[in-house]
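Please look through the sequence and the structure below before reading on. The paragraphs that follow start from the whole chain and then turn to individual strands.

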Amino acid sequence: MNRRQFLTATSVVGLGAIGLYTFGGSSSMRAADLEGMPRLKMPPLLDARADRSPELVAQKGNTVFVGNAANPTFGFNQPYLGPTLVLDKGDFNPVIRNELPTPVSVHWHGLLVPGEHDGGPHIPVNRGEEWSPEITIDQPPATVWYHTHIHERTAQDVHKGLAGIMHLTDGRDDDRGLPNRYGVDDLTLVLQDRRIDERGFVSYRLSMPDLMHGFTGNTMLVNGQYGTVGAVPGGIVRLRLINGSNARIYSLFFEDNRAFQLIATDAGFLEKPAMMSKLPLSPGERAEILVDFSDGKPAMLMSGGDQNQGPGGMMGRMRGFVDQFVDRDFAILPFAVDEGMEARITKFPDELDGADITLREEDSIRTRSFSLDMGMMGMMGGGGFAINGEPFDMSRVNLEVALGSTETWRISSSMLSHPFHIHGAVFKVLSENGRRPQSHNQGLKDTVLVQDQIDLLVRFDKPASREKPFMYHCHILEHEDAGMMGQFSVI
Ligand SMILES: [Cu+2]
């Protein structure tokens, strides 16, 4: 495969067509083919251990993704996306400033902070205003992220670029034998699909199917870049994968089917690393994997089709299937080994430590049930998005939880799969459809894909008032904005 073939394969399918193309040729990728391609860049690093009050300015910009077309975008401190913040335990007092005409908020997705500092829909920062949350970080190392969360604007504004990554660290990755050189053997990969036309213009116009399934694209961006190659040393490389897409559910694998080691999920390290060759990642979820590049060969990170878009999705289930929704395997990012880069880590770790949060089933004081509803109107692209029949209402606190308590939450979905996220809490998956959770769902999490029914053990250690409650919602952003969200206090 040469560069042109790669770009064609991962590129625009043609106006009107929806679905990412399979990239051509199997295992034909050679290092030489990747030589002329631009290298993937990391978001700029902002070390908030040195400056504990970093500024994040929501601003407008222009971004070229494909060709020469400049697209109007949003970002924090830059035209698209935001810096990667590095944080450890202790104080974190960022200053958020909004230079956009419309309100933004900054939700710390995965940070355990009280509701008043959580950056949810009740905490808008209007044009020209500032917000300075007072946060104390006291949780294990993890890859978390931040994004805007204004009700009915979240999907469009995250799509425009209002998101960024945070690395929570305890400075002990050398002891764990884990790669930790940012952009060298520790790569942050923000996965986003975008609908881009042949001239390079991004569109975000919601059709009826987009409202139902969530908005998916025909072109893959990694860290807001298109058509790049990840340069890596010929050893063990850590990939921090963030699904920052509005709706697409990835099923990640390497084209040569090489196995990789899953070391962390949303809320931190697993007790033991798990070898696998396919990793589902739904919107809002994060995963850290270790990949062995010591054979020196290039590798292509791929994804299988999205179950919500293909024939297994609602369209298929409800009325037979419509061709344009068939989704196939597609390329995300090629990797090439750069022999000039030092391979510092050459073996997978046997064990990990770090996640010092323990959730015990016997501590659960009650079970609540949540049904993620699309309703009949959902199918028509109208209303109907709700949880337990109640569409999101800013003025209604749906439930009250006791501070410090542990509860069992049973979440069920019909028609489509929905990634369910809870603010201000960590959970453990007890069961999926009555069975032991899949291996990628066995760690601590804050977001999980609900395919039919899932039981979660959730602990609520951070307070939230009725005025500044926490959210629980579907992380398909179009569903969230349409009402598949609720709120709760923790007192
Ligand atoms: Cu949903």
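**From the whole chain to single strands**

This is a predicted model, and its protein chain holds eight helices and 34 strands. Of the 491 residues of the protein chain, 52% count as buried. Where contacts join residues with a separation of 6 or more, 78% of them are between residues 24 or more positions apart.

One place to begin is an open sheet of four strands, in which the order is β3-β2-β6-β8 and the pairing is mixed. Its edge strands are β3, covering 70-76, and β8, covering 130-131, each of which pairs on one side only. The partner of β8 is strand β6, made up of residues 95-98, and the two pair in the antiparallel sense over two bridges; within this pairing, Ile-96 of β6 stands opposite Trp-131 in β8.

Glu-55 offers a closer view of the same sheet, since its place is in strand β2, which comprises residues 55-64. Leaving aside neighbours within four places in sequence, Glu-55 is in contact with Val-95 and Arg-97. The C-alpha atoms of Glu-55 and Val-95 are separated by 4.7 Å, although these residues lie 40 residues apart along the chain. Is Glu-55 buried, exposed or partly exposed? Glu-55 is partly exposed, because 14 other C-beta atoms lie within 10 Å, whereas a buried residue would need 20 or more and an exposed one would have 12 or fewer.

Further along the chain, strand β29, residues 426-432, has two pairings to follow. Six bridges join β29 to strand β32, residues 453-459, and these strands run antiparallel, with Val-426 standing opposite Arg-459 in β32. Two bridges join β29 to strand β30, residues 444-445, again in an antiparallel arrangement, and here Phe-427 stands opposite Lys-445. Strands of a sheet pair through backbone hydrogen bonds, in either a parallel or an antiparallel sense.

The last pairing considered here is that of strand β28, residues 418-422, with β31, where four bridges join strands that run antiparallel and His-418 stands opposite Val-450 in β31. Which way do the residues of β31 point? From this strand, which spans residues 447-450, Thr-447 and Leu-449 point one way while Val-448 and Val-450 point the other way. In a regular strand the side chains alternate between the two faces of the sheet. Thr-447, Val-448, Leu-449 and Val-450 are all buried.

Note on methods:
Residues numbered from 1 in each chain as written. Predicted model: local features only at pLDDT ≥ 70, side-chain atom pairs only at ≥ 80, totals over all residues. Pairing = 2+ DSSP bridges. Contact = placed C-beta atoms within 7 Å.
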